[in-house]
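Let's take a walk through this structure together. Have a look at the picture, then follow along below.

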Amino acid sequence: MVDLDIKIPSAYDPFAEAEDSGPTGAKEYVHIRIQQRNGKKSLTTVQGLRKEFSYEKILKDLKKEFCCNGVLVQDKELGKVIQLQGDQRKNVSQFLTAAGIVKKDQIKIHGF
């Protein structure tokens with residue numbers, strides 16, 4: 001019999017890279033949403049900031065910068081959520097990137 005040194009490739013696993021990169025959804029996003037109230041009134045909510053940041057200081061700076069009122073809400077499922085009066089979606093995203101809190105690709109803006 002003839003002895004051949006042929007190596008048969010093993011099965012290719014297309015998901016091997018994904019398992020090495022970390023758990024699914026490892027990239028954390030900051031979600032900025034708008035909620036319509038009655039008439040022209042609306043709320044802007046900011047959710048998903050890392051827990052190591054001081055939400056109170058961020059809220060204070062946002063209120064001072066945009067001349068609006070705001071509150072910090074503790075939600076059971078979502079954690080701490082910042083609520084601001086008015087449509088402040090673009091302002092908040094620019095503020096968070098300029099302050100170095102999050103990168104631009106980590107921000108998701110929701111709403112109409």
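**A guided walk through the fold**

Start with Cys67, which is exposed, with a relative accessible area of 72%; that label means over 50%, while buried means under 20% and partly exposed anything in between, using a 1.4 Å probe and protein chains only. Before going further, a word on what you're looking at: this is a predicted model, where local features need pLDDT of at least 70 and side-chain atom pairs count only at pLDDT 80 or more, while totals for chains, interfaces and linings use all residues. Residues are numbered from 1 along each chain as its sequence is written, and side-chain values use heavy atoms, with hydrogens and water left out.

Back to Cys67. You'll find Cys67 in the loop between H2 and S3. Its phi is near 50°, a positive value in a residue other than glycine. Most residues other than glycine have a negative phi. Next along is Cys68, which counts as buried at 13% relative accessibility. Why is there no bond between the sulfurs of Cys67 and Cys68? The sulfur of Cys67 is 7.8 Å from the closest cysteine sulfur, the one in Cys68, and that's too far for a bond. A disulfide here is a pair of cysteine sulfur atoms within 2.5 Å, and by that rule the count comes to zero.

Now zoom out. The protein has three helices and five strands; these are DSSP runs, with helices (H or I) of at least four residues and strands (E) of at least two, numbered from the N terminus. Read from the N terminus on, the elements go α-β-β-α-β-β-α-β. Of the 112 residues, 27% count as buried. As for contacts (heavy atoms within 4.5 Å), take those between residues at least 6 apart in sequence: 52% of them join residues at least 24 apart.

Helix H3, residues 89-98, is a good place to look next. Its buried residues are Arg89, Val92, Ser93, Phe95 and Leu96. Seen down the axis of H3, these fall within an arc of 165°, so they line one face of the helix; the arc is that of the directions from the helix axis to the C-beta atoms. On the other side of H3, Lys90, Gln94 and Ala98 are exposed. What covers the buried residues of H3? The cover includes strand S1 (30-36), strand S2 (42-47), helix H2 (55-66), strand S4 (79-85) and strand S5 (107-109). After H3 comes Gly100, with a positive phi near 80°.

Phe95 deserves a second look. How many aromatic pairs are there? The count comes to one, taking rings of Phe, Tyr and Trp (its six-membered ring) as paired if their centres lie within 6.5 Å, with planes under 30 degrees apart called stacked, over 60 edge-to-face and the rest tilted. Phe66 and Phe95 make up that edge-to-face pair, 6.1 Å centre to centre with 75° between the planes. The pair links distant parts of the chain, with Phe66 in helix H2 and Phe95 in helix H3, 29 residues apart. Phe66 is buried, with a relative accessible area of 16%, and Phe95 counts as buried at 18%.

Over in strand S2 sits Thr45. Thr45 is buried, with a relative accessible area of 6%. Leaving out residues up to four places away in sequence, Thr45 touches His31, Ile32, Arg33, Gln35, Val81, Ile82 and Gln83.

Next, try the loop between helix H1 (16-21) and S1, where Glu28 lies. Glu28 and Gln106 are 78 residues apart in sequence, yet 6.8 Å apart in space, C-alpha to C-alpha. Not counting residues up to four places away in sequence, Glu28 touches Arg50 and Gln106. You can also find Lys108 lying over the face of Tyr29, at 4.6 Å from the ring centre. A charge sits over a ring when NZ of Lys or CZ of Arg is within 6 Å of the ring centre and within 35 degrees of the ring normal.

Last stop: Asp75, in strand S3 (residues 70-75). Is Asp75 buried, exposed or partly exposed? At 30% relative accessibility, Asp75 counts as partly exposed. A polar atom of the Asp75 side chain lies 3.0 Å from the backbone nitrogen of Leu78.

Definitions and conventions
Polar contact = N/O pair within 3.5 Å; in protein donor to acceptor, adjacent residues only side chain to side chain.
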